[in-house]
Amino acid sequence: FRECYCFVTVTVPLDSQPIAIGHGSFTNCFALANLVLPHGSNAQDRYIENTSFESCVLLHDRFGRYGPTIVAGLVGRFDAFPVHKLCYDPSLTTPEELRLCITDQDKSESLSDAFGMTPFHVLCSRAEASGELFKVLLAE
């Protein structure tokens, strides 16, 4: 993905185990803000080079320059955003779960994460997003 200036989201295929992110894999991916890893990913320090995300300024500003720290930050990125988290892996989310989560969410909380992404952005970044989940987001 080196030199892919416009990618905002990169999705690692579900059957990619173990996940290895080598030196310069995402060099100069200036817009990269989301790396979607498979559910239950085994991405660990030993598989991620320190220099995997050279010149990824959005990621550096948020998580620092160290490759494993960036991946750890991306994996836990939606921990404080439950609606985003459900939209992140739509294959595991039912419309009812999403509806309940939206209802239970504190209305004073921000709908945008550190990169300005809303649940719509997150859901749209996934190829397997369901139309039913979009309808729930629109209704709520």
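Q: Helices here are DSSP runs of H or I, at least four residues long, numbered from the N terminus. Which helix does L98 lie in?
A: L98 lies in helix α4, which covers residues 95-104. Keep in mind that this is a predicted model.

Q: Is L98 buried or exposed?
A: L98 is buried. Its relative accessible area is 0%, and the cut-off for buried is under 20%, so L98 qualifies.

Q: What is L98 in contact with, beyond its neighbours within four places in sequence?
A: V83, L86, C87, T93, L133, V136 and L137.

Q: How far is the C-alpha of L98 from that of E140?
A: The two C-alpha atoms are separated by 9.8 Å. Along the chain, L98 and E140 are 42 residues apart.

Q: OK, helix packing. How do the axes of α4 and α6 sit?
A: They come within 9 Å and cross at roughly 20 degrees. Angles under 35 degrees count as roughly parallel, so α4 is roughly parallel to α6. Helix α6 itself spans residues 131-139.

Q: Left-handed or right-handed crossing?
A: Right-handed, as α4 passes α6.

Q: Which residues meet there?
A: From α4, P95, L98, R99 and I102. From α6, E132, L133, V136 and L137. L98 turns up again here, and its own contacts include L133, V136 and L137.

Q: What is the mix by class in the contact of α4 with α6?
A: Six nonpolar residues, two charged and no polar.

Q: Step back a bit. How many helices and strands in the chain?
A: Six helices and two strands.

Q: And in what order do the elements run?
A: From the N terminus on, β-β-α-α-α-α-α-α. Both strands precede the helices in that order.

Q: What share of the chain is buried?
A: 39% of its 140 residues.

Q: What about long-range contacts, at 24 or more positions apart?
A: Those account for 65% of the chain's contacts with a separation of 6 or more.

Q: Switching to α2. Which of its residues are buried?
A: G67, P68, I70, V71, G73 and L74. The helix runs over residues 67-75.

Q: What covers the buried residues of α2?
A: The cover includes strand β2, residues 34-36, and helix α1, residues 57-63.

Q: Aromatics next. How many pairs, taking ring centres within 6.5 Å?
A: Two aromatic pairs. One of them is F26 with F53, with ring centres 5.2 Å apart and planes at 5 degrees, so that pair is stacked.

Q: Where do F26 and F53 sit?
A: F26 is in the loop between β1, residues 9-11, and β2. F53 is in the loop between β2 and α1. They are 27 residues apart, and the pair links distant parts of the chain.

Q: Are F26 and F53 buried or exposed?
A: F26 is buried, and F53 is buried too.

Q: What geometry does the pair of F78 and Y88 have?
A: That aromatic pair is tilted. The centres are 5.5 Å apart, with 55 degrees between the planes.

Q: Why does that pair tie parts of the chain together?
A: F78 lies in the loop between α2 and α3, and Y88 lies in helix α3, so the pair ties together parts ten residues apart in sequence. Helix α3 spans residues 82-88. F78 and Y88 are buried.

Q: Backbone check. What is phi at N28?
A: Near 65 degrees, a positive value in a residue other than glycine. N28 is in the loop between β1 and β2. Its relative accessible area is 17%, so N28 is buried.

Q: And what is phi at S55?
A: Positive, about 65 degrees, and S55 is not a glycine either. Its place is the loop between β2 and α1. At 30% relative accessibility, S55 counts as partly exposed.

Q: Last stop, S112. Where is its place?
A: In the loop between α4 and α5, the latter being residues 119-124. S112 counts as partly exposed, at 30% relative accessibility.

Q: What does S112 touch, not counting residues up to four places away?
A: F81, H84, M117 and T118.

Q: How far apart are the C-alpha atoms of S112 and H84?
A: 8.9 Å, with their positions 28 residues apart along the chain.

How values were computed. Residues are numbered from 1 along each chain as its sequence is written. This is a predicted model: local features need pLDDT of at least 70, side-chain atom pairs count only at pLDDT 80 or more; totals for chains, interfaces and linings use all residues. Side-chain values use heavy atoms; hydrogens and water are left out. Buried means under 20% relative accessible area, exposed over 50%, partly exposed in between (1.4 Å probe, protein chains only). Contact means heavy atoms within 4.5 Å. Axes are lines fitted to C-alpha atoms, for helices over the stretch in contact, and angles run from 0 to 180 degrees between N-to-C directions. Angles under 35 degrees count as roughly parallel, over 145 as roughly antiparallel, 65 to 115 as roughly perpendicular and the rest as oblique. A crossing is left-handed if the near helix is turned anticlockwise from the far one by less than a right angle, and right-handed if clockwise. Ala, Val, Leu, Ile, Met, Phe, Trp, Tyr, Cys and Pro count as nonpolar, Asp, Glu, Lys and Arg as charged, and the others, Gly among them, as polar. Rings of Phe, Tyr and Trp (its six-membered ring) pair if their centres lie within 6.5 Å; planes under 30 degrees apart count as stacked, over 60 as edge-to-face and the rest as tilted.
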